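Here is a walk through one model, with the pocket, the charged pairs and a few local details along the way. Have the view open as you read.

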Amino acid sequence: MYYPKRRLFGEYLYICAIMSIQRAFLSQVKNWLFKGKTLVITGPRQVGKTTLIKTLLGEASEFLFLDGDDSEIREMLSRNNTQEIARIIGNHKIVFIDEAQRINQIGLTAKIIHDQFKQVQLIMSGSSALDLNNAINEPLTGRKIEFTLFPISWKELSNHYGYLQAKQDINNRLIFGMYPDIITHKGEEKLFLKNLTESYLYKDILALTNIQKPDILEKLLQALAYQVGSEVSYTELATLLGISKETVSSYIQLLEKAFVIFRVNAFSRNLRSEIKTNKKIYFYDNGIRNAIIKAYNPIELRPDKGALWENFLIAERIKHLNYQLHYPNYFFWRTKDQQEVDWVEEENLKLSAFEFKWKDAGKFKFPKKFVEAYQPNTKVIDIDNFSEFILDDIS
């Protein structure tokens, strides 16, 4: 059923635990309230979308919370009846529809609220960017502002605990990741990661799709987890899993839309020897990656520590850029003779290149061929200077 603003005791304790870590995302949403746009919040499940928005709106006025997981709500909001929508909204000035992608024809309903109820601020959230965007893109063209909320960022963690304490915990973050429940349940990380991966990665994603062979999805995730930081071949994955290359591509797109993984393409402009079509795949969260392959050994015992460090830094960079509303193009670079650069950002035709090293950063030299061809700004990122990459403001 639907209900106005309220807080149950258990929910209140959860809000206190999560929101004690101030989210950088909060100010973005707050700045767009009552500016004539529907606000659309996407991101993985259990990163705190609902909690954050309820907390934000709790600071404002009375708001109406409509839960898209509730069958009664789904039925009522699927009718696209202006008079009934008016009765549902009542005198509320803010309407928050959670898990909006589950509501049939939510795009048309949102358009009615936006166009017919000018005094109402509509906010929608969803954990499937694919389903939600498919439902609202056309009806809300020119009417919406979209935001993405990620797991806790290193900057948010550092601001809350202090840089020194956060850095002392870096090994745990490389292994267990940055999901709110993981950070707030120290000592129980494996249990919470197990629950998160089993419910979110498998049950939720499978429920939203027509995947006929869930075991294939699990095997694909495991294969991608083992290849973090390496180039991925769809053809090789298809052969390994016994499915078509097209199926591999569609599953990977699904996992991207569900905020499990993201792709990074190869950079190529001038040199004939450059790799042009390959791609790398990273996980938005190290903990999810490690849970998929059940690898929780301490970092000093890990043969994959370099890959974990690279995945962590790139995921944190993505969060940092998004929260500052900064959107350069990004790539990796490699040649056929194995010269490579981990991360390349392109903005206004200028390049910045970064190499990630857990230790011994001083030994690395950027490939002469790359430097001469593109004249980039270069920086080697290691454990001693990584804050420059994921904490500093971007001008």
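A salt bridge here is a side-chain nitrogen of Lys or Arg within 4 Å of a carboxyl oxygen of Asp or Glu. With that in hand, look at Glu 75, Arg 79 and Glu 84, which are linked in a network of salt bridges. By this rule the count comes to 23 salt bridges.

A word on the ground rules. This is a predicted model, in which local features need pLDDT of at least 70 and side-chain atom pairs count only at pLDDT 80 or more, while totals for chains, interfaces and linings use all residues. Residues are numbered from 1 along each chain as its sequence is written, and side-chain values use heavy atoms, with hydrogens and water left out.

**The chain as a whole**

The protein chain has 19 helices and 13 strands, read as DSSP runs numbered from the N terminus (helices are H or I with at least four residues, strands are E with at least two). Of its 395 residues, 55% count as buried; buried means under 20% relative accessible area, exposed over 50%, and partly exposed in between, with a 1.4 Å probe and protein chains only. Take the contacts with a separation of 6 or more: 73% of them come from residues 24 or more positions apart, where contact means heavy atoms within 4.5 Å. On the outside, the chain exposes about 18,200 Å², and carbon and sulfur atoms supply 48% of that. These areas come from the Shrake-Rupley method with a 1.4 Å probe, and for residues only the protein chains shown count as cover.

**Charged pairs**

Side chains of opposite charge can pair when their charged atoms come close. Three of the pairs are set out here.

| Pair | N to O distance | Where the residues lie |
|---|---|---|
| Asp 115 and Arg 143 | 3.0 Å | Asp 115 in α6 (residues 106–116), Arg 143 in the loop between α7 (129–136) and β6 (144–148) |
| Glu 310 and Lys 280 | 3.8 Å | Glu 310 in α17, Lys 280 in strand β9 (residues 279–283) |
| Glu 316 and Lys 319 | 2.7 Å | both in helix α17 |

Asp 115 and Arg 143 link distant parts of the chain, 28 residues apart. The pair of Glu 310 and Lys 280 also joins distant parts, 30 residues apart. Are these two partners buried or exposed? Glu 310 is buried, with a relative accessible area of 8%, and Lys 280 is buried too, at 2%.

Glu 316 and Lys 319 sit three residues apart in α17, about one turn of the helix. An α-helix has 3.6 residues a turn, so residues three or four places apart point the same way. Glu 316 and Lys 319 are both buried.

**The largest pocket**

Which elements each supply at least two residues of the lining of the largest pocket? They are β8 (261–266), α17 (305–323) and β10 (329–334). β8 gives the most, with five residues. The lining holds 18 residues, and Phe 262, Tyr 284, Ile 318, Asn 322 and Tyr 330 lie nearest the centre. By type, the lining divides into 12 nonpolar, four polar and two charged residues. Ala, Val, Leu, Ile, Met, Phe, Trp, Tyr, Cys and Pro count as nonpolar, Asp, Glu, Lys and Arg as charged, and the others, Gly among them, as polar.

The pocket's volume is about 490 Å³. On a 1 Å grid over the protein atoms alone, a pocket is an open set of points where a 1.4 Å probe fits, with protein on both sides within 12 Å along at least five of seven lines; lining residues have an atom within 4 Å of a point. Grid points are joined across faces, edges and corners, and the volume is the space filled by probe spheres set on the points.

**Local details**

In helix α8 (residues 154–161), Trp 154, Glu 156, Leu 157 and Ser 158 are buried. Their cover includes α2 (25–31), α9 (163–168), α10 (170–176), α11 (180–184), α17 and α19 (387–390). After α8 comes Gly 162, with a positive phi near 95°.

Two residues other than glycine also have positive phi: Gln 338, near 75°, and Leu 349, near 65°. Gln 338 is in the loop between β10 and β11 (340–347), and Leu 349 is in the loop between β11 and β12 (350–356). Leu 349 counts as exposed, at 80% relative accessibility.
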